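Good morning, and thank you for making time for this presentation. Please look at the sequence and the structure as they come up, and keep both in view while I speak.

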Amino acid sequence: MYSTKTIMEIDRTLYEAVRMHLAQKEITLVVGPRQAGKTTLLKALAEELRARGEICLFFNLDIDRDAQFFSSQTRLVERVEALSEGRRAYVFIDEVQRIENAGLFLKGIYDRALPHKWIATGSGSIELKEKIGESLVGRKRNFYLYPVSPAEFVAYRTGKGVSQGAAVLATDPVESDRLLFAYLLYGGYPRVVTAPNASEKVAMLDEIFQGYIERDIQLLLRVEKSRSFITLLQLLAIRVGRLINWQDLANQTNLSVATVKQYFWYIEKTFIAAPATPYFTNKEKELVKTPQVYFWDSGLRNHLLNLRALDEQSPDFGFLFQQFVWLLLRHQFSDAVSSIHYWRTQHQAEVDFVVNRGADLLPVEVKAARLPEPRVERSLHSFIEAYAPAEAWVVNRTLSDEVWVGKTRVRFRKWMELVG
């Protein structure tokens with residue numbers, strides 16, 4: 001069996017899904033934040049294909065030598081035909097957002113019905129700048145590659161795979177906390193995860209952030225007030241897991257509310273942070289409209305605030321653990337039907353997350369403290385009384401147990417149970 005270890009130091013769960021899609025006619029498009037590992041994934045795919053005797057052509061549009069062939073569709077096709085010598089080839093295009101009008105360019109290539117398979121990567125900015133989605137409707141499938149997930153991180157750090165690693169952590173609280181605090185502090189960008197020490201991790205985070213500001217925000221999106229943009233990012237980093245006050249953010253950044261919302265849209269579409277919207281059915285009793293914010297990578301969030309150390313007494317710890325659980329839920333309920341919200345009433349009853357699975361609701365409370373015994377708080381009681389879900393979770397660090405509240409089964413689950 002082929003192993004990706006020669007290219008990918010960290011096994012990525014998306015690899016197999018992308019690999020299986022290579023048999024399809026559609027363009028395979030891998031998108032995600034800068035430095036999430038998209039190029040590495042493509043190179044691993046190309047290496048596997050070459051080992052099977054397939055022809056693979058690799059173009060990196062950050063390199064002028066490769067970019068010159070994308071001045072027109074005709075020139076690219078001529079180059080591909082010359083290199084493939086008339087045989088079917090797998091054509092990899094890295095950093096496709098560098099192409100002017102990337103969506104139309106790829107559409108024109110695809111519509112020529114050539115025998116080749118096209119695989120491309122790009123940062124989220126291609127969706128913003130080129131409207132690639134509109135141009136390629138029915139012609140491509142998106143695969144989203146985020147920073148290393150908690151499951152991938154556990155598998156890498158334990159060396160035992162996802163399920164076995166999670167099982168080991170469930171019985172080893174010291175190692176469990178060690179890996180948890182490492183992930184909460186430095187996050188999951190692959191080059192940060194594999195960096196040998198704290199100073200290298202910090203340096204790598206700085207490089208990733210500077211690349212994001214210079215190449216996505218300034219160059220591609222043409223954001224003129226980059227200092228205000230960075231200030232907005234820092235203010236959002238402080239507000240992880242809390243309600244967004246658009247007017248307050250506008251006042252502190254000297255931007256209009258409309259510009260703040262536009263910048264936040266850029267932040268979301270470049271996979272830096274995402275909103276959690278409220279769940280409600282009773283508009284008179286439950287707050288609506290105001291989102292909360294969570295960052296896809298805690299390391300980048302901490303870098304914005306110059307946070308270099310973390311312990312249980314840190315004021316950041318509870319919110320970082322809440323963000324960590326949000327990430328676990330996003331990965332566990334990644335299907336198109338499920339959505340993740342929060343719940344809050346005008347009487348201050350609040351549940352951290354509500355997973356709307358279409359047919360039912362799953363309320364999830366987060367407890368960063370060490371729980372000595374199962375206890376259902378008033379807010380979760382209120383949600384259960386209002387919606388009578390079949391099940392509720394209390395995700396924590398130390399306790400596995402369950403109790404019943406009426407007909408609702410309340411499960412106390414250690415975070416690593418959501419990894420496997």
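F333 is buried, because its relative accessible area is 12%, and the cut-off for a buried residue is under 20%. I should say at once that this is a predicted model.

The structure holds 27 aromatic pairs. In one of these, the ring of F333 is partnered with that of W393: the centres are 6.1 Å apart and the planes stand at 40 degrees, so the pair is classed as tilted. F333 sits in the loop between α17 and β8, whereas W393 belongs to strand β11, residues 391–396, so the pair ties together parts that are 60 residues apart in sequence. W393 is also buried, with a relative accessible area of 3%.

A further pair is formed by W343 and Y387. Their ring centres are 6.4 Å apart with the planes at 80 degrees, so this pair is edge-to-face. What does the pair tie together? W343 lies in strand β8 and Y387 in helix α18, residues 378–387, so parts that are 44 residues apart in sequence are tied together. W343 is buried, at a relative accessible area of 2%.

Aromatic residues also gather in a group. Y144, Y146, F271, Y294, W296, W326 and F353 form one aromatic cluster. In addition, there are arginines placed over rings. The charged end of R88 sits over the ring of Y90, 4.9 Å from the ring centre. R242, for its part, lies over the face of F319, and here the distance to the ring centre is 3.9 Å.

I turn now to the pockets. The largest pocket contains about 1300 Å³ of space. Its lining comprises 41 residues, and those nearest the centre are Y144, Y146, W296, R330 and S334. Y144, Y146 and W296 are also members of the aromatic cluster I have just described. Which elements give two or more residues to this lining? They are α1 (14–21), α6 (125–129), β5 (140–144), α8, α15 (257–269), β6 (273–278), α17 and β8 (339–344). The largest share, five residues, comes from α17. By character, the lining of the largest pocket divides into 23 nonpolar, 10 polar and eight charged residues.

The second largest pocket has a volume of about 500 Å³. It is lined by 26 residues, with Q35, A36, G37, T40 and R191 the closest to its centre. At least two lining residues are supplied by each of α2 (38–51), α11 and α12 (198–220). The lining of the second largest pocket is made up of eight nonpolar, seven polar and 11 charged residues.

Finally, I would like to consider helix α8, which contributes to the lining of the largest pocket. Is this helix mostly covered or mostly open? Helix α8 spans residues 150–158 and is mostly covered, with seven of its nine residues buried. The buried residues are P150, A151, E152, F153, V154, A155 and T158. What covers these residues? The covering elements include α9 (162–170), α10 (173–186), α11 (190–193) and α17 (317–332). Among these, α17 also lines the largest pocket, while α11 supplies residues to the lining of the second largest pocket. After α8 comes G159, which has a positive phi, near 70 degrees.

Thank you for your attention.

Technical notes:
Residues numbered from 1 in each chain as written. Predicted model: local features only at pLDDT ≥ 70, side-chain atom pairs only at ≥ 80, totals over all residues. Heavy atoms only, no water. Buried < 20%, exposed > 50% of the residue type's maximum accessible area, 1.4 Å probe, protein only. Helix = DSSP H or I, 4+ residues; strand = E, 2+ residues; numbered from the N terminus. Contact = heavy atoms within 4.5 Å. 1 Å grid on protein atoms, 1.4 Å probe; cavity = no way out; pocket = protein on both sides within 12 Å on 5 of 7 lines; lining within 4 Å. Points joined across faces, edges and corners; volume = space filled by probe spheres on them. Nonpolar A, V, L, I, M, F, W, Y, C, P; charged D, E, K, R; others polar. Phe/Tyr/Trp six-rings, centres within 6.5 Å; stacked < 30°, edge-to-face > 60°. Lys NZ or Arg CZ within 6 Å of the ring centre and 35° of its normal.
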